[in-house]
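Have your viewer ready, and let us walk through this model together, from the whole chain down to one hairpin.

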Amino acid sequence: MKICIVSDSHDNRELLNAAVAEAKTLGAEAVLHCGDIVAPSTLRTLRRHALPIHAIHGNNTGDTFHMSRLGQESDTFVRYYGQDADIGLAGRRVFLVHYPHYAYAIACTGDWDIVCCGHDHVAEVKSVLNVKGGKTAMVNPGTVGGVGAAATYVMADLAQMSFTIREVPPPGAR
């Protein structure tokens with residue numbers, strides 16, 4: 001299973017949409033959003049891609065009441081978890097948390113295969129040694145909204161446990 005991992009969209013609907021559109025053409029079957037969405041309407045723009053979206057809120061929480069309501073609508077494609085999420089995808093345990101220092105601590109437990117974060121707008125994929133003697137992938141997709149840094153996302157292949165940091169194509173370039 002391939003997935004699109006994003007964070008820190010800060011309501012930049014055009015760049016978020018461009019990242020998800022490209023990821024879908026590359027085979028993405030789901031989107032993980034590691035926070036700082038701000039407005040639920042930002043996620044509504046992704047409905048056209050017909051992909052499930054797993055989202056947390058980050059520190060720019062915006063309208064958490066309506067974000068929660070979006071996650072409860074009968075025809076929703078969004079699963080909203082609040083401040084963090086424990087998700088099972090394609091036999092992998094994935095944890096979403098906004099802050100990198102929490103992500104590192106959680107990766108060190110060895111309880112998850114992948115820990116995803118955001119917040120600092122620095123795209124990075126690294127392998128963290130955990131207390132169980134193994135390694136956990138820690139993935140920060142940077143800022144899909146291009147806030148203070150290049151707009152990036154991560155394309156992940158869960159079967160291969162491979163992660164590629166990609167620059168978001170300019171909106172409308174496809």
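Start with the cartoon view of the whole protein chain, colored by secondary structure: you should find four helices and 11 strands. The radius of gyration is 15 Å, close to the 16 Å that the globule rule gives for 174 residues, so the chain is as compact as a globular protein of that length. Keep in mind as you look around that this is a predicted model.

Next, orient the C-alpha trace along its principal axes. Along these, the C-alpha atoms fill a box of roughly 45 × 35 × 30 Å.

Now switch on the surface. The accessible surface of the protein chain amounts to about 7,600 Å², and carbon and sulfur atoms account for 49% of it. Color by burial, and 51% of the 174 residues count as buried.

How are the contacts spread along the sequence? Taking contacts between residues at least 6 apart in sequence, 56% join residues at least 24 apart.

Select the charged side chains next. There are 15 positive and 17 negative charges in the protein chain, and their mean positions lie 5 Å apart.

For the last stop, zoom in on residues 152–157, strand S10, together with residues 162–167, strand S11. These two strands pair in the antiparallel sense, over six bridges. Which residue of S11 is the bridge partner of Val154? Show both side chains and you will see that Ile165 is the partner.

Finish at the turn of this hairpin, where four residues sit between S10 and S11. Click on Met161 and check its backbone: Met161 takes a positive phi near 50 degrees.

Definitions and conventions
Residues numbered from 1 in each chain as written. Predicted model: local features only at pLDDT ≥ 70, side-chain atom pairs only at ≥ 80, totals over all residues. Heavy atoms only, no water. Rg over C-alpha atoms; globule rule 2.2 N^0.38 Å. Buried < 20%, exposed > 50% of the residue type's maximum accessible area, 1.4 Å probe, protein only. Contact = heavy atoms within 4.5 Å. Areas by Shrake-Rupley, 256 points an atom, 1.4 Å probe, with all protein chains shown as cover. Lys, Arg positive; Asp, Glu negative; His and termini not counted. Charge placed at Lys NZ, Arg CZ, Asp CG, Glu CD. Pairing = 2+ DSSP bridges.
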